[in-house]
Amino acid sequence: MHIQAEFSEFTEYNQVITDQLEWARSEEIDGMERLHDLPSHYGEGYHRHVAVREGLRLDYSNMYLHQTFSMETKMKYPHLELAFNIESGANWTVNGGQQEFCSQTGSAQLIYMNDLTCHAQMPKHERISHLELSFDYKLWSQLLEAMNACPEQSFARLETTITPGMTHIIEQVISNPYRGTIKKLFIEGKAMELLALFLQEAELEKEQRISLKADDVKSIHEAKNILLKTLDHPPSLIHLARKVGINDYKLKIGFKEVFGTTVFGFVRQQRLEKAKLLLERERVSVSEAALLVGYSNFSHFASLFRKTYGVNPSLYGKRLEKP
């Protein structure tokens with residue numbers, strides 16, 4: 001499934017994209033929201049679009065794709081977007097592939113794009129839960145200050161991790177019981193809370209990155225050793241931080257600064273490497289390898305393995321058996 005779109009006004013973005021999809025069902029709710037059901041040949045799930053107020057919209061997707069979804073969008077109008085990758089993520093590039101990114105589960109990004117083309121790809125056979133807020137640049141240009149960017153730039157990006165506080169607000173937005181004007185006010189208020197929490201977290205990470213000390217680095221290395229010993233059932237970030245004697249924010253930022261990846265990314269990388277070794281040396285089955293490294297969802301494990309090593313784990317094992 002591939003979509004190509006181009007837009008020159010803020011109001012065109014959602015309309016141009018959704019018009020290209022053959023939704024199984026589209027329903028208008030309260031005059032402010034549209035609910036779209038995904039066609040069965042594309043996958044399962046739905047997409048919600050809410051026109052919160054002038055210059056602010058909210059989109060939420062909850063889908064399981066049967067085929068890879070890719071989208072190429074030409075941004076002729078300045079685009080400001082706050083995206084939350086609740087479950088699964090996407091690979092995307094800008095400026096003709098000159099800059100490449102991988103938005104992982106649990107990450108959040110504030111992005112500015114101006115007069116460039118963005119190409120994004122979402123994987124098949126994975127649950128996708130994604131919420132994003134889009135801001136009209138004409139009304140929200142002050143957000144560029146928080147990104148240390150200027151309007152003349154073609155691209156700017158600020159990234160942090162979804163905190164428990166953000167998760168709580170996201171859940172409230174998704175499951176809100178209100179209708180009409182109350183619903184509109186509720187979502188607008190929660191959108192502002194999400195933006196404030198994101199900017200606060202990004203600023204906190206920036207400050208802590210500067211203040212990382214020798215003892216912190218020692219604790220971070222200790223945290224890495226704990227993770228290596230508990231790959232099948234690693235502690236949560238908060239519990240891991242307590243074990244090594246630093247706060248969870250500093251561990252989260254420091255780990256990425258020291259090792260170049262997040263705690264979550266490190267665990268995933270090590271799990272897959274261990275699974276690969278099990279398939280190579282122990283000749284265990286794919287399901288056994290998945291369980292031994294902590295994955296109970298075999299399809300999710302297979303998808304991660306394939307994306308990392310370019311081959312299905314079942315085929316990888318068979319390939320090794322050939323003389």
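The legends below describe close-up views of a predicted model.

**Figure 1. Overview of the predicted chain and its secondary structure.** The model shown here is a prediction, and its chain comprises 12 helices and 13 strands. Of the 323 residues in the chain, 46% are buried. Among the contacts in the chain with a separation of 6 or more, 68% are accounted for by residues lying 24 or more positions apart.

**Figure 2. The open antiparallel sheet of eight strands.** In this view 8 strands form an open sheet, with antiparallel pairing, and their order is β2-β3-β4-β5-β12-β7-β10-β13. Strands β2 (25-29) and β13 (155-161) are the edge strands, each of them pairing on one side only. From one strand to the next, the twist averages 15°. Strands of a sheet pair through backbone hydrogen bonds, in either a parallel or an antiparallel arrangement.

**Figure 3. The pairing of β5 with β12.** Strand β5, which covers residues 56-65, runs antiparallel to strand β12, which covers residues 127-136, and 9 bridges join the two. Within this pairing, Y64 has R127 of β12 as its bridge partner.

**Figure 4. Strand β7 and its two neighbours in the sheet.** Strand β7 (residues 79-87) has 7 of its 9 residues buried, so the rest of the structure largely encloses this strand. With strand β10 (residues 107-113), β7 pairs in the antiparallel sense over 7 bridges, and in that pairing E81 has I111 of β10 as its bridge partner. With β12, the pairing of β7 is again in the antiparallel sense and extends over 8 bridges, where A83 is matched with its bridge partner E132 in β12.

**Figure 5. Strand β11 between β6 and β8.** Strand β6 (residues 69-75) and strand β11 (residues 116-122) run antiparallel and are joined by 7 bridges, with H119 in β11 as the bridge partner of E72. Strand β8 (residues 90-94) also runs antiparallel to β11, to which 4 bridges join it, and here N91 stands opposite Q121 of β11.

**Figure 6. The surroundings of N95 in the loop after β8.** Residue N95 is placed in the loop between β8 and β9 (99-103). The relative accessibility of N95 is 24%, so this residue counts as partly exposed. When its neighbours within four places in sequence are left aside, N95 is in contact with L116, T117 and S154. The C-alpha atom of N95 is separated by 7.0 Å from that of C118, although the two residues are 23 residues apart along the chain.

**Figure 7. The largest nonpolar core, centred in this view on F135.** The largest nonpolar core contains 35 residues, of which L80, F84 and F135 touch the most other members. Helix α5 (residues 180-210) supplies the largest share of this core, namely 7 residues. Not counting residues up to four places away in sequence, F135 touches F10, G55, L56, L80, L82, W140, L143, M192 and L195. A second core, separate from this one and made up of 15 residues, includes L212, I226, A241 and V244. In soluble globular proteins, nonpolar side chains tend to be buried together.

**Figure 8. Helix α4 and its buried face.** Helix α4 (residues 164-175) consists of 12 residues and reaches 17 Å from its first C-alpha to its last, which is close to the 16 Å expected at 1.5 Å a residue. Its buried residues are M166, I169, I170 and V173. Seen down the axis of α4, these buried residues fall within an arc of 105°, so they line one face of the helix. The exposed residues P164 and S175 lie on the other side of α4.

**Figure 9. Helix α7, its two sides and the residue that follows.** In helix α7 (residues 237-244), the buried residues include L240, A241 and V244. Viewed down the axis of α7, its buried residues fall within an arc of 100°, so they line one face of this helix. The face of α7 turned away from its buried side carries R242 and K243, both of which are exposed. Both A241 and V244 are also among the members of the second, separate nonpolar core. Just after α7, G245 adopts a positive phi of about 80°.

Conventions. Residues numbered from 1 in each chain as written. Predicted model: local features only at pLDDT ≥ 70, side-chain atom pairs only at ≥ 80, totals over all residues. Heavy atoms only, no water. Pairing = 2+ DSSP bridges. Axes fitted to C-alpha atoms, helices over the stretch in contact; angles between N-to-C directions. Buried < 20%, exposed > 50% of the residue type's maximum accessible area, 1.4 Å probe, protein only. Arc of directions from axis to C-beta. Core = buried A, V, L, I, M, F, W, Y, C linked by side-chain atoms within 4.5 Å. Contact = heavy atoms within 4.5 Å. Expected span 1.5 Å × (residues − 1).
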